[in-house]
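Trainee: I would like a close look at one part of this model, the packing of a pair of helices. Please add what can be said about the salt bridges as well.

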Amino acid sequence: MKTLIKEIDINKPDQDLISLFATMLADGKTVIFPTETVYGLGANALDEDAATKIYQAKGRPSDNPLLVHVADKEDVYDLVENVDDRAKLLMDKFWPGPLTIVFKKKAIIPDRTSGGLDTVAIRMPSDQVARDLIRQAGVPIAAPSANISGRPSPTKPEHIIIDMDGRVDGILVGGPCDYGVESTIIDLSEDLAMVLRPGSITLEMLGEVLGRVDLDPSLKNKDDNIRAKAPGMKYKHYSPQAQVYIVKADNLEGFAERVDSLCEDNAKKGLKIGVMTMNYDQHSYQAKVFDLGGSDTEVAKNLFDSLISLDRESIDIAYVPYFEERGIGVAIMNRLKKAAAYRII
């Protein structure tokens, strides 16, 4: 497949260029485009054949539902059975932005898009290029992250070119993504609001709007036999070729001491070692160091780029500290645990 690749200025978007890629989407083709979270691999959400092309391009399991993007809040009402008061509150507070809401779907959403479920996950991105693209296409766009299934999600243009050139019809190249982790997914299809995937809209932020909000029990284990109600809930995910280990310690000094010992042991085996850590960790590791930033927000933004960089540097084994699981730390640890296949030292 010949992939059309064009670069767009996110500060002054070329509407003719957006129209070109929007027409491709309307015609049932696949297009990768930037969002504020990660790059998305999009196709017409209402076209079963188009949705199938997403699964084929990613090598994605057929029971893993796709996330649907809309340009305007009003678009949701054509796609779902009911928008209750909870949904309206969240849409008013967090849309456009990195929050996905799971609703009971209408029949207009094909089973291929919803992974065979009677629900659909919908969000309205804050990225202007993404919304212009959806609006000009004239249809909602199904768009999971634009990576090979199971690999780290792409947050920079170079990530998508390596993986997806020749697999999709078009790539609209913008800049680096603002948040760096995929959207928070909250399920409102049942009486109790449940977070299915943590993200930049934290449990605490959702609780301030809705009151009680719980984390889905599946987030606390690695059971791939669950039936996924949203993207990223099962299967190996976010994983580089390198083996990643999370090292749990009381502080960075304890982390450094433990990692020094691990590095020494693995260096004797001839393995190339990486350490992913905060930039205020000034310890001199006998390893390649990957800077995650100076705050949890920066860690979230840099996480996937660092995981992808492990393979770019041919790292065999990498170590990363355990982050406190509150606020955005819940999303960071959700991705890290999956990337590390739950290997915790």
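Mentor: What follows takes the helix pair first and then turns to the salt bridges.

The model is a predicted one. Two packed helices are described by the angle between their axes and the distance between the axes. Here the pair is helix H9, residues 296-312, and helix H10, residues 329-339; their axes lie 9 Å apart and meet at an angle of about 20°. H9 is therefore roughly parallel to H10, because angles under 35 degrees are classed that way. The crossing of the two helices is left-handed.

On the H9 side, the contact is made by Asp-296, Val-299, Ala-300, Leu-303, Phe-304 and Leu-307. H10 contributes Gly-329, Ile-332, Arg-335, Leu-336 and Ala-339. Sorted by class, the contact between H9 and H10 has eight nonpolar residues, one polar residue and two charged residues. The polar one is Gly-329, because Gly is counted as polar in this scheme. The charged ones are Asp-296 of H9 and Arg-335 of H10.

Now the salt bridges, beginning with Asp-305 and Arg-312. These two side chains form a salt bridge in which the closest N and O atoms are 3.9 Å apart, which is within the 4 Å limit of the definition. Asp-305 has a relative accessibility of 14% and so counts as buried, the limit for that class being under 20%. Arg-312, at 45%, counts as partly exposed. Elsewhere, Asp-72, Asp-132 and Arg-135 are joined into one network by salt bridges that share partners.

The model has 15 salt bridges in total. One of them is between the side chains of Glu-36 and Arg-123, with an N to O distance of 2.7 Å. This pair links distant parts of the chain, the two residues being 87 residues apart. Glu-36 sits in the loop between strand S2 (31-33) and strand S3 (40-44), while Arg-123 belongs to strand S6 (residues 119-123). Glu-36 counts as buried, at 1% relative accessibility, and Arg-123 is buried with a relative accessible area of 1%.

Another salt bridge is formed by Asp-214 with Arg-212, where the closest N and O atoms are 2.8 Å apart. Asp-214 counts as partly exposed at 23% relative accessibility, whereas Arg-212 is exposed, with a relative accessible area of 59%.

Key: Residues are numbered from 1 along each chain as its sequence is written. This is a predicted model: local features need pLDDT of at least 70, side-chain atom pairs count only at pLDDT 80 or more; totals for chains, interfaces and linings use all residues. Side-chain values use heavy atoms; hydrogens and water are left out. Helices (H or I, at least four residues) and strands (E, at least two) are DSSP runs, numbered from the N terminus. Buried means under 20% relative accessible area, exposed over 50%, partly exposed in between (1.4 Å probe, protein chains only). Axes are lines fitted to C-alpha atoms, for helices over the stretch in contact, and angles run from 0 to 180 degrees between N-to-C directions. Angles under 35 degrees count as roughly parallel, over 145 as roughly antiparallel, 65 to 115 as roughly perpendicular and the rest as oblique. A crossing is left-handed if the near helix is turned anticlockwise from the far one by less than a right angle, and right-handed if clockwise. Contact means heavy atoms within 4.5 Å.
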